[in-house]
Amino acid sequence: MRILVLGGDGFCGWPTSLHLSMQGHAVTVVDNLSRRNIDNELQVQSLTPIRSITTRLGAWKEITGRIIAYERLDVATEYDRLLNLLRARRPHVIVHFAEQRAAPYSMKSSWHKRYTVNNNLNATNNVLAAIVESGLDAHLVHLGTMGVYGYSSTGVRLPEGYLTVKMTAGDGAEVEQEILYPANPGSIYHMTKTQDQLFFAFYNKNDEARITDLHQGIVWGTQTRETRLDERLVNRFDYDGDYGTVLNRFLMQAAIDYPLTVHGSGGQTRAFIHIQDTVRCIELAIENPPARGERVKILNQLTEVHRLIDLAKLVAELTGARVEHVPNPRKEADANDLEATNAGLLGLGLKPTTLREGLLTEVTDIARRYASRCDRRRIPCVSHWTRDIAEAERPPARQGSGRRTDS
């Protein structure tokens, strides 16, 4: 199949592009390299050394003999170029990763909130509008997030996207209807993913667009079978307070003898998935598209659920690291329960990779290997959800200075 991978230079997009290419698909990576520019903005680089996109693609061709095409294009702002690309390449599948993916980054400031909204919503709408205008019957596979459901303890197992509700009509009759599960985003980033759901529902209803929306848990791990083939293909390993996912951060902190920073009590429960399973889930979604006219297919893309404090204790036992509780920069419950079904992907053949399979050691080895590249100043989370939280964590003013200082 001809496949466009939008955001194909990123943490999930790059290994997905390689995996799909290895399966024999004709892959084109579309990316404006914005994630690399954000590295420059934040003054922090991936723990693993990321080669230029040209070097990456050249290495892939050298090692495998397979060619991945590349188009530098901003999906959110260059609609005409995107439309022309669809008409020229005529993809069977479009995999959509082209969104700013970090909740903390989306909450750094009003500028970051506006950037995340402008980028993410325009990117999604542009892709859908271009599919319709091009006349293609392309299947859109989108990487969403479990965060659209929120993290409130409901006492019920989260369904895959849809909820059946019963209402009482004026004549007393009971009416049953299926709706999108009520959204409860916890950040601007998560809010954009809930809006994506509405875009998908509309274009599906209005234009019979074929869409699969994958609500993914927190990704851990770095390498996949393809990225291990050569150091030039190595995947990102983000460890900073904005982009580092929590388990990867714990493993990196342990590798450099830095306390494992647990936000608040650590009673927050989250869903997790290994990066190798991410690429496999994308493949399964591509192989099992919805029919034209079928509703948006929503699948929960997770393999395990853990409390953060339990993960920290597991890493501490594995490495001898020390656990340190720090103020939580997020506005959220101090603890929550989370249960979610993932029957859809399991039914399609996903065989989950779990934390107990030795991969924690693999990630720790990667962290140790590149530990010299770590900037310890970038480890703490400095993005706060509200002004009150930021003020509470600000160091007190020095006596006699007349002003606040940051250390």
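Here is a quick tour of a predicted model, taking in a sheet, two helices and one loop residue.

## The seven-stranded sheet

Let's start with the open sheet, whose seven strands pair in parallel and run in the order β3-β2-β1-β4-β5-β8-β12. The edges belong to β3 (69-72) and β12 (297-301); each has a single partner strand, so one side of each goes without a neighbour in the sheet. From one strand to the next, the twist averages 20°.

Zooming in on one pair, β1 (residues 2-6) and β2 (residues 26-31) are joined in the parallel sense by five bridges. Ile-3, for instance, has Val-27 of β2 as its bridge partner. Over on β5 (139-145), β8 (210-216) and β12, you'll find helix α7 (residues 188-207) lying across the strands, at about 150° to β5.

## Helix α10

Now for α10, which covers residues 308-319. With twelve residues at 1.5 Å each, this helix should span 16 Å, and its end C-alpha atoms are indeed 16 Å apart, so the two agree. Right after the helix comes Gly-320, with a positive phi of about 85°.

Which residues of α10 are buried? They are Leu-308, Ile-309, Leu-311, Ala-312, Leu-314, Val-315 and Ala-316. Their cover includes two helices, α8 (246-255) and α12 (359-369), along with the strands β10 (260-263), β11 (269-274), β13 (304-307) and β14 (323-326).

## Thr-245, in the loop before α8

Thr-245 sits in the loop between β9 (218-220) and α8. Is this residue buried or exposed? Its relative accessibility is 14%, and buried means under 20%, so Thr-245 counts as buried. Leaving aside residues up to four places away in sequence, Thr-245 touches Arg-101, Ile-218, Val-219 and Asp-238.

Methods. Residues are numbered from 1 along each chain as its sequence is written. This is a predicted model: local features need pLDDT of at least 70, side-chain atom pairs count only at pLDDT 80 or more; totals for chains, interfaces and linings use all residues. Side-chain values use heavy atoms; hydrogens and water are left out. Helices (H or I, at least four residues) and strands (E, at least two) are DSSP runs, numbered from the N terminus. The expected span of a helix is 1.5 Å times one less than its number of residues. Buried means under 20% relative accessible area, exposed over 50%, partly exposed in between (1.4 Å probe, protein chains only). Contact means heavy atoms within 4.5 Å. Two strands pair if DSSP finds at least two bridges between them. Axes are lines fitted to C-alpha atoms, for helices over the stretch in contact, and angles run from 0 to 180 degrees between N-to-C directions.
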